[in-house]
Amino acid sequence: MTGTCLCGGIEFEVEAIPGMVFNCHCTRCQKSHGAAFATQAFAIRKTLIFKKGQELLQEYESTGGIRAFCRNCGSRLMNYALYGGEYLSVAVTCLAESNQIQPVAHCFTDNKLTWHNLSDQLPRYPGLPDNL
């Protein structure tokens, strides 16, 4: 997968994990994305390569790990564990392939905003799915 931030200052590529795309309804994703949920694709962390603009990457440490964004335009790009970890999650909307990527489930639905109705038939998990 290849991706960029809104201003194009950061370009990256990373290897996706097939079938690991979730609509995350946790309150951290809601606040950091400014939306009811964030669609995140899981990827193999060691495959992450910055093609351009790594110096623009800003990190924010929050509960559960690091949230990375572009310090120029503010685009949320990815999340990863604070200390190592073999996976990261990438905001699908930053990916060139975003129209071809389909979520497989909703996670953290216990935090779903009450006014947001889930109208699809995707599986729903109160937290993270057991396969993570």
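Me: Where along the chain is G64 found?
Reply: A word on the model before we look: it is predicted, local features need pLDDT of at least 70, side-chain atom pairs count only at pLDDT 80 or more, and totals for chains, interfaces and linings use all residues. Residues are numbered from 1 along each chain as its sequence is written, and side-chain values use heavy atoms, with hydrogens and water left out. Helices (H or I, at least four residues) and strands (E, at least two) are DSSP runs, numbered from the N terminus. With that in hand, you can place G64 in the loop between β4 and β5.

Me: Is G64 buried or exposed?
Reply: Buried means under 20% relative accessible area, exposed over 50%, and partly exposed in between (1.4 Å probe, protein chains only). The relative accessibility of G64 is 73%, so this residue counts as exposed.

Me: Which sign does the phi of G64 have, positive or negative?
Reply: G64 belongs to the hairpin of β4 and β5, where 2 residues lie between the strands. Near 90 degrees, the phi of G64 is positive.

Me: How many bridges join β4 to β5?
Reply: Two strands pair if DSSP finds at least two bridges between them. Here β4 covers residues 57-62 and β5 residues 65-70, and they run antiparallel. S62 has G65 as its bridge partner in β5. The number of bridges joining β4 to β5 is 6.

Me: Is A68 buried or exposed?
Reply: A68 is found in strand β5. Its contacts (heavy atoms within 4.5 Å), leaving aside neighbours within four places in sequence, include L57, Q58, S75, L77 and Y80. With a relative accessible area of 0%, A68 is therefore buried.

Me: What distance separates the C-alpha atoms of A68 and Q58?
Reply: Q58 is among the residues in contact with A68. Along the chain the two are 10 residues apart, and their C-alpha atoms are separated by 5.6 Å.

Me: Which residue in β7 stands opposite Q40?
Reply: Let's follow β3 (residues 38-52), which runs antiparallel to β2 (residues 11-24) and is joined to β2 by 9 bridges. Q40 is the bridge partner of F22 in that pairing. β3 also pairs with β7 (residues 87-91) in the antiparallel sense, over 5 bridges. Opposite Q40 in β7 stands A91.

Me: Which residue has a positive phi although it is not a glycine?
Reply: Look in the segment after β8 (105-107), where F108 is found. The positive phi is about 55 degrees, and the residue is F108.

Me: What order do the elements of the chain follow?
Reply: The protein chain has 1 helix and 8 strands. From the N terminus on, they run β-β-α-β-β-β-β-β-β.

Me: What radius of gyration does the chain have?
Reply: The radius of gyration is taken over C-alpha atoms, and the globule rule is 2.2 Å times the number of residues to the power 0.38. The C-alpha trace spans about 40 × 30 × 25 Å along its principal axes. For 132 residues, a compact globule would have a radius of gyration near 14 Å, which agrees with the chain's value of 14 Å.

Me: What percentage of the residues count as buried?
Reply: A68 is buried, whereas G64 is exposed. Across the 132 residues of the protein chain, the buried share is 42%.
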